[in-house]
Amino acid sequence: MDLNNIRNFVIIAHIDHGKSTLADRFLEVTGTVAARLMKPQYLDQLELERERGITIKMAPVRMTYAGTILNLIDTPGHSDFGYEVSRALTAVEGGILLVDATQGIQAQTLANYESAKRADLYLIGAVNKIDVASLEQVEATVKELAELLGSSESEIVKVSGKTGEGVKELLVTVMRRVPPPKRRGGSWSRGLVFDSIYDEHKGIIAFLRVFDGEFKTFAEAEFMATGVRFKMKEIGYFSPAMKAGESLGSGEIGYIATGIKDPDKLKIGDTVIATDDLRVAASKCEPFPGYQEPNPVVFVSFYPEDPAEYDTLRQALGHLRLNDASLRFESDMSEILGRGFKGGFLGRLHFEITADRLEREFKVRTVHSFPSVAYQIKIKNNGWITITNPKDFPADPAEVLEPIVRTEILTPPQYLGPVIQLKELFRFSHMEVKTVGAKTLVTAKLPLADLVSDLDDKLKSVSEGFASLSYEPMGWERGEVVKMDILVAEQIVPGLTRILPHVELEREARRTVEKLKELLPRVQFTQAIQAAVNGKIIARETIPAMRKDVTDYLYGGDRTRKMKLWKKQQRGKKRLKALGVKSQVKIPASIFKELLKR
């Protein structure tokens, strides 16, 4: 195939700027999907993506227009899924940087721009939603985007993903300005795995960008990182459904069905090679650099509601990991909730999406702990340790370091005051303000624990949805935090243990015990709900015992008959406690889920 007739590109943008809608119009204009089969967000195949109106997984598709093969990868916009975007960038030569004309450049627009430049992509600026924006908004956004890209305003393409205006012009611009893939030398076929899924019949299906040579059906191949060899059972491309073919050549994007059933045999970012002599190729072929391993920042433990589904949960997480290369998990144990898994995630939304996918796609209902972050702790006379589970936090650490991020908040000037006031609720420091085009950029340092609580929701609230947030890790700093345990009927509930800063301790302790009092059912004896720090109770609520009227059947007579029955009832409650029933208090999974809602 002539490489000059191939263009590989991505669409990158801030969340809700219209990437998926623009991709829909591309599918229509190129005739890739028949009009009668079209539906909104066509490339978003997950039910969750449609419900939330956001892209969670990158979606590759091959289109043909004016004799040119256009390999498009639609990407997520939320910062939690930045790792998805970074993998897509390595598989293409160019990209469309899309900006909503009604909102202008947002924080994630800047982050995506920097990622694309590091990947050495050719970027085309496009302003979307010109059908609903005013002329002034469109002109201002075009000027803003041209300044960011260092191009002239005439090079910015104006489009409407809803009406299709300007879409053909944008496709032609991609064909004209995005460079074609380059042919590389080598006596073997070599490709980069940028994503994967699992199929019950075909095994692991690797998404592949071919850089050298040609991959053919039923030929032998090898994953260089794991050393696993396999026969390619099926080769094809995305149209957008998987369509089998006979081969994939240099410069093309497609998939290979490996037949491998073990998720541990594939590593995203691995190099696939195919040649007549794999042994020689494996010793001489240079693998691609692959991808930098993502660093999880939020840690949550998952437990199956039904303990018998532990193995099902383990298998589900293994299959999810194939589809989500940033997911990490290891075995965990709770005295109350039983066996489970501790997972590492790239943000709060990443964790919420994973929990939803476990239930929807694999039918596994889970209970999870409060989201937490990692802490570095100095133990007296025993060096430093890193903990990711709050229950492992020592009672009297010599020093605690917590992760810090650099946040960037881009906001219209009229919301600057309310945005700055967020420092009353969150531990912002080193806050700086500067003007970026028609907007104001607020940069600050913030403990990661504050970021993953509810900062994004609060920011949207005070700015009426117009401010946007992006962040990047910047190291560790000393933190004034302590462990808060929750006790129900004098028994610590590990899933409710949290690490909190001193300034929030009293408020969160009071809120938690009050909420538990509302949610927990009454039982035969009095239940004390307590929040404790280092053994000291700082908040308490009491759920009175469920009382049965044992004198209901009595009528008339002396009051002493009722007194005898009441005293007998009291003795019975004392025997319950003495028999240890109190220590067997069970907290239903539904209570955990309600309490974990912010």
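Okay, let's start at a proline: Pro240 sits in the loop between β12 (234-238) and β13 (242-245). The reason I picked this spot is the bond just before the ring. Going from Ser239 to Pro240, the peptide bond is cis, with omega near -10°. As a reminder, most peptide bonds are trans, and most residues other than glycine have a negative phi. Keep in mind throughout that this is a predicted model.

That second half of the reminder brings me to two more loop residues. Gln41 has phi near 55°, so a positive value, and Gln41 is not a glycine. You'll find Gln41 in the loop between α1 (19-29) and α2 (47-52). The other one is Glu490, again not a glycine, with a positive phi of about 70°. Glu490 belongs to the loop between β27 (481-488) and β28 (491-492).

Now, which of these is buried or exposed? Take Gln41 and Glu490. Gln41 has a relative accessible area of 18%, and because the cut-off for buried is under 20%, Gln41 counts as buried. Glu490 comes in at 58%, and exposed means over 50%, so Glu490 is exposed.

Let's move to a sheet. Which strands form it, and in what order? There are four in this open sheet, running β18-β19-β17-β20, with antiparallel pairing. At the edges you have β18 (328-334) and β20 (366-368), each pairing on one side only. On average, neighbouring strands here are turned by 35° against each other, ignoring direction.

There's a helix on this sheet too. Helix α9 (residues 348-362) packs on it, touching β17, β19 (338-345) and β20. The direction of α9 makes about 15° with that of β17.

If you want to zoom in on one pairing, look at β17 (residues 298-304) and β20: they run antiparallel and are joined by three bridges. Phe302, for one, has His368 in β20 as its bridge partner.

Okay, zooming out to the whole chain. We have 14 helices and 31 strands, and the C-alpha atoms fill a box of roughly 105 × 60 × 60 Å along the principal axes. Out of 598 residues, 54% count as buried. For contacts with a separation of 6 or more, 69% come from residues 24 or more positions apart.

On the outside, the accessible surface is about 27600 Å², and 49% of that belongs to carbon and sulfur atoms. Last thing, charges: 85 positive and 80 negative side chains, with the centres of the two sets 7 Å apart.

Methods: Residues numbered from 1 in each chain as written. Heavy atoms only, no water. Helix = DSSP H or I, 4+ residues; strand = E, 2+ residues; numbered from the N terminus. Buried < 20%, exposed > 50% of the residue type's maximum accessible area, 1.4 Å probe, protein only. Contact = heavy atoms within 4.5 Å. Areas by Shrake-Rupley, 256 points an atom, 1.4 Å probe, with all protein chains shown as cover. Lys, Arg positive; Asp, Glu negative; His and termini not counted. Charge placed at Lys NZ, Arg CZ, Asp CG, Glu CD. Pairing = 2+ DSSP bridges. Axes fitted to C-alpha atoms, helices over the stretch in contact; angles between N-to-C directions.
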